[in-house]
Amino acid sequence: MIANVDLHIHSRFSGGTSKDMNIENILKYGKLKGLNIIGTGDCTHPEYLKEIKEYKDRELILTTEIEDKDRVHHLILLPSISKAEELRESLKKFSKNIDTEGRPKVNIGGKELLEIVKEIGGLIGPAHSFTPWTSVYKSFNSIYECYEKKPDFVELGLSADTDMADMVPELRDLPFLSNSDAHSYHLHRLGREFNQIEVDYIGGIEDNFEEIKKAIKHNKIIANYGLDPKLGKYHLTACSKCHTRFKLEDAKKYHWKCPRCGGSIKKGVLSRVEELSDGKIEHPKFRPPYYRIIPLAEIISLTLNKGIFTKTVQSLWKEFIKKYGNEIEVLINANIEELSKINPKVAETIKRFREGRIYIYPGGGGEYGKISFKPQKVDWYKEEITLDRWLK
């Protein structure tokens, strides 16, 4: 059978996360999204782990994200609650906040963390591998500088896709995961990226780990679904304060300081991939297709020119879900003529999306990309004052 799986989310115990991110809501809204198995996130947090135990027979898999001493974020999948407790005990001596933060920091590197995870039978790989703040390719030029050994997988992150990652030679023999990194269960966050995998069955926490482990190890990931990378907050090199987009050579010329507002310029994922690339996209035979998706709430919002959280958008989203059961079915499989019976304008937008006629102004510097019906041309920074004058 085919399962839709989102393996990277966060609970209410992580900083910057909705207070309503509890297991009950994660399961409820994950089902509406069309997810069959969902990562718990934050499973080393003691209070959250108690909550997880009450749902151990549900469609979950134990996951956590950990930040190491080099500010690399790692996604970890664990086989059982006892192993989550074992990981927690192993890391306590290396962490000051493992009791209080869902995404804890440890004062060891990726090599040591990989060894600890392997000892308890878990899986580990770099989270959002190219982002300019906390990622393996922010801190290192090679994944092997971080781990010394091959990790189990690589998580692409919102600002990269399979084409981009397969420009990097050392990644071409590794499985890719596409996950939402959701901090809320809102309609355009949870499941905005997911993996489609082949499983024998869906069970509780322990069974689901074994099924996903087999999928990762034996090339049973049959598709990655994710945002167009241009929608990601860090796709292009841009100022993190005013979001002005810069070409890489210009950012270097200005020493990574924005000449327009004085803010810091953050290197975009596309620029970082190009630095690591051998100049070609080369997919291995086992690499599954990557399908670009846009959350249904954003499609409705764009069509009606109303905010995602307005009553109109929320009500129409619920109407589509009531008819088709979940969002993935609406976006990918539902007949356009049938969708038109609910709302012809939204149905036309979904048709345009499927045909690749939705355009995006690329994100950068922490600003998400913007969706449009018209082709978008990047407005690169044009020098308004000379560099000499700015430095004075």
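This is a short working chat about helix packing, cores and a few loop residues in a predicted model.

Me: Start with α11. Is it mostly covered or mostly open?
Reply: Mostly covered. In this predicted model, 7 of the 9 residues of α11 are buried.

Me: Which ones are buried?
Reply: Leu296, Ala297, Glu298, Ile299, Ile300, Ser301 and Thr303.

Me: What do the buried residues of α11 pack against?
Reply: Three helices and a strand take part: α12, α13 (327-333), α15 and β14 (370-372).

Me: Take α15. At what angle do α11 and α15 pack?
Reply: About 120°, with the axes 9 Å apart. Here α11 spans residues 296-304 and α15 spans 344-354. That angle makes α11 oblique to α15. The crossing of α11 past α15 is right-handed.

Me: Which residues make the contact?
Reply: From α11, Leu296, Ile299, Ile300 and Thr303. From α15, Lys345, Val346, Thr349, Ile350 and Phe353. By class, the contact of α11 with α15 has 6 nonpolar, 2 polar and 1 charged.

Me: Now α12. How do the axes of α11 and α12 cross?
Reply: They cross at roughly 130° and come within 10 Å. So α11 is oblique to α12. This crossing is right-handed.

Me: Which residues meet there?
Reply: On the α11 side, Leu296, Ala297, Ile300, Ser301 and Leu304. On the α12 side, Thr312, Val313, Leu316, Trp317, Phe320 and Ile321. The contact of α11 with α12 splits into 9 nonpolar, 2 polar and no charged residues.

Me: What comes right after α11?
Reply: Asn305 follows α11, and its phi is positive, near 55°.

Me: Switch to the core. In the largest nonpolar core, which residues touch the most other members?
Reply: Leu62, Leu91, Phe130, Leu171, Leu296 and Phe320. This core holds 92 residues.

Me: Which helix gives the largest share of this core?
Reply: Helix α12 (residues 311-324), with 6 residues. There is another core apart from this one, of 18 residues. Its members include Ile37, Ile61, Leu77 and Ala215.

Me: Back to Phe130. What does Phe130 touch?
Reply: Leaving out residues up to four places away in sequence, Phe130 touches Ser135, Tyr137, Leu156, Ala160, Ala165, Val168 and Leu171. Val269, Val273 and Leu276 are also on the list.

Me: Val269, Val273 and Leu276 are in α10, right? Which residues of α10 are buried?
Reply: Yes, they are in α10 (residues 269-276). The buried ones are Val269, Ser271, Arg272, Val273 and Leu276. The buried residues of α10 pack against α5 (136-139), α7 (162-165) and α9 (248-253).

Me: Another helix pair: α3 and α4. What is the packing angle?
Reply: About 145°, with the axes 10 Å apart. The helices are α3 (residues 81-92) and α4 (residues 110-119). α3 passes α4 in a right-handed crossing.

Me: Which residues are in the contact of α3 with α4?
Reply: Leu87, Ser90 and Leu91 of α3. Leu113, Ile116 and Val117 of α4. The classes come to 5 nonpolar, 1 polar and no charged.

Me: On to loops. Where is Ser159?
Reply: In the loop between β6 (154-155) and α7.

Me: Is Ser159 buried or exposed?
Reply: Buried, because its relative accessibility is 4%, and the cut-off is under 20%. Beyond residues up to four places away in sequence, Ser159 touches Met164, Pro229, Gly232, Lys233, Tyr234, His235 and Val269.

Me: And where is Ser240?
Reply: Ser240 sits in the loop between β10 (238-239) and α9. Its relative accessibility is 27%, so Ser240 counts as partly exposed.

Me: What does Ser240 touch?
Reply: Trp133, Ser264, Lys266 and Gly365, not counting residues up to four places away in sequence. Ser240 and Lys267 lie 9.7 Å apart in space, C-alpha to C-alpha, and 27 residues apart in sequence.

Me: Last one, Glu170. Where is Glu170 found?
Reply: In the loop between α7 and β7 (176-177). Glu170 is partly exposed, with a relative accessible area of 21%.

Me: What is Glu170 in contact with?
Reply: Tyr137, Asn141, Ser142, Ile143 and Tyr144, leaving aside neighbours within four places in sequence. From Glu170 to Pro229 the C-alpha to C-alpha distance is 21 Å, and they are 59 residues apart in sequence.

Key: Residues are numbered from 1 along each chain as its sequence is written. This is a predicted model: local features need pLDDT of at least 70, side-chain atom pairs count only at pLDDT 80 or more; totals for chains, interfaces and linings use all residues. Side-chain values use heavy atoms; hydrogens and water are left out. Axes are lines fitted to C-alpha atoms, for helices over the stretch in contact, and angles run from 0 to 180 degrees between N-to-C directions. Helices (H or I, at least four residues) and strands (E, at least two) are DSSP runs, numbered from the N terminus. Angles under 35 degrees count as roughly parallel, over 145 as roughly antiparallel, 65 to 115 as roughly perpendicular and the rest as oblique. A crossing is left-handed if the near helix is turned anticlockwise from the far one by less than a right angle, and right-handed if clockwise. Contact means heavy atoms within 4.5 Å. Ala, Val, Leu, Ile, Met, Phe, Trp, Tyr, Cys and Pro count as nonpolar, Asp, Glu, Lys and Arg as charged, and the others, Gly among them, as polar. A nonpolar core is a set of buried Ala, Val, Leu, Ile, Met, Phe, Trp, Tyr and Cys residues joined through side-chain atoms within 4.5 Å. Buried means under 20% relative accessible area, exposed over 50%, partly exposed in between (1.4 Å probe, protein chains only).
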